Amino acid sequence: MSIVYLNGEFIPPEQAKISPMDRGFLFGDGIYEVIPSYDNKFVGFTPHIDRLLDGLAAIEINHPYDHAFFEEICHQLCEQNGGGDLGIYIHVSRGADTKRHHAFTQNIRPTLFAYAFEIPPAPCVDDTKINTYKVISAQDLRWQRCNIKSTSLLGNVMHYQRSHQAGFDETLLFNEKDELTEAASCNCFIVKDGVVITPKLDHQKLPGITRLLILDILDKYSDIPVEERVVTRDEVFAADEIWLTSSTKQVGPVRQLDDKIINNGNLGDIWRQTQALFTAHQFDYNDY
Ligand code: PDD
């Protein structure tokens, strides 16, 4: 990470300073995005910025930003950090006030920070190079507004950390009715008898951009049947395939859930088709 963006300036990270009175620091009062870029081509730039603007509106952060403004910052960050496989992290907090006070006023200037970090190369459907994931299951103990991509991620951090402490990669989360919500940092899909199934969006899940692209790509370019609906814990444990999806993992196959090996440890056929279609069409979503 050689050059970051902070409030209008491209500077070395050690020069990037924010006030301790920033509400992002004090309250986690902000919205963020992660946009993948491979060789200076973004994946889902338009829906990523749409979601960022929706999040800012949802928590009433006033700002002057639009797609073109963020595009310029993202391009500059790619260029100034050597291109290649990069994730662009964008973080807008409500900004620094004069004192710590739960209520916010409308006249604070938001703090805008962005930086580029290395991500794994885009998965190609080559069995020797595919990352597969071991996940645990847990009850979803996060807040009730998980559809907002808030920088307040303590609930996600705790779930994620638990899996890592147990030697796993991620945690699949189930609500009080034993319905799958998502994972600590990914959305989830299952495959059963050739049907791709993913939990329907609501306040319990982030509307993932990878999820959105997968659904659109499968609809446009395949005959694979897809269902968006409630997915029960029993269905997840009986699934032929389980996928984690996110901007840095793309379509990530799960090989183990708790002590259960998925699909006898093999990569799934529907995963192969889906990841190949994703690879072919991932750059189609950058016009606004
Ligand atoms: N995580 N659900 C949660 C809770 C997430 O944090 C993420 C992304 C996703 C997938 O969303 P998308 O497909 O838009 O990346 C689902 C990012 C990558 C992160 O926090 O670093």
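Analyst: A polar contact is a pair of N or O atoms within 3.5 Å. This is a predicted model, in which local features need pLDDT of at least 70 and side-chain atom pairs count only at pLDDT 80 or more, while totals for chains, interfaces and linings use all residues. Residues are numbered from 1 along each chain as its sequence is written, and side-chain values use heavy atoms, with hydrogens and water left out.

User: What makes the pair between Tyr-32 and the ligand a polar contact?

Analyst: A polar side-chain atom of Tyr-32 lies 2.6 Å from a ligand oxygen, so the pair falls within the 3.5 Å limit. For Ser-247, a side-chain N or O atom is 2.7 Å from an oxygen atom of the ligand, and for Ser-185 a backbone N or O atom lies 3.2 Å from a ligand nitrogen. The protein covers 88% of the 470 Å² of accessible area (Shrake-Rupley, 1.4 Å probe) that the ligand has on its own.

User: Which residues surround the ligand most closely?

Analyst: Of the 20 residues around the ligand (a heavy atom within 4 Å), the closest are Tyr-32, Glu-182, Ile-209, Thr-210 and Ser-247. By class, this shell holds seven nonpolar, nine polar and four charged residues, and at least three residues come from each of domain 1 (4–118) and domain 2 (133–281).

Terms used
A polar contact is a pair of N or O atoms within 3.5 Å; within protein, one must be able to donate a hydrogen and the other to accept it, and residues adjacent in sequence count only if both atoms are side-chain atoms. Ala, Val, Leu, Ile, Met, Phe, Trp, Tyr, Cys and Pro count as nonpolar, Asp, Glu, Lys and Arg as charged, and the others, Gly among them, as polar. Domain bounds come from an automatic or database domain assignment.
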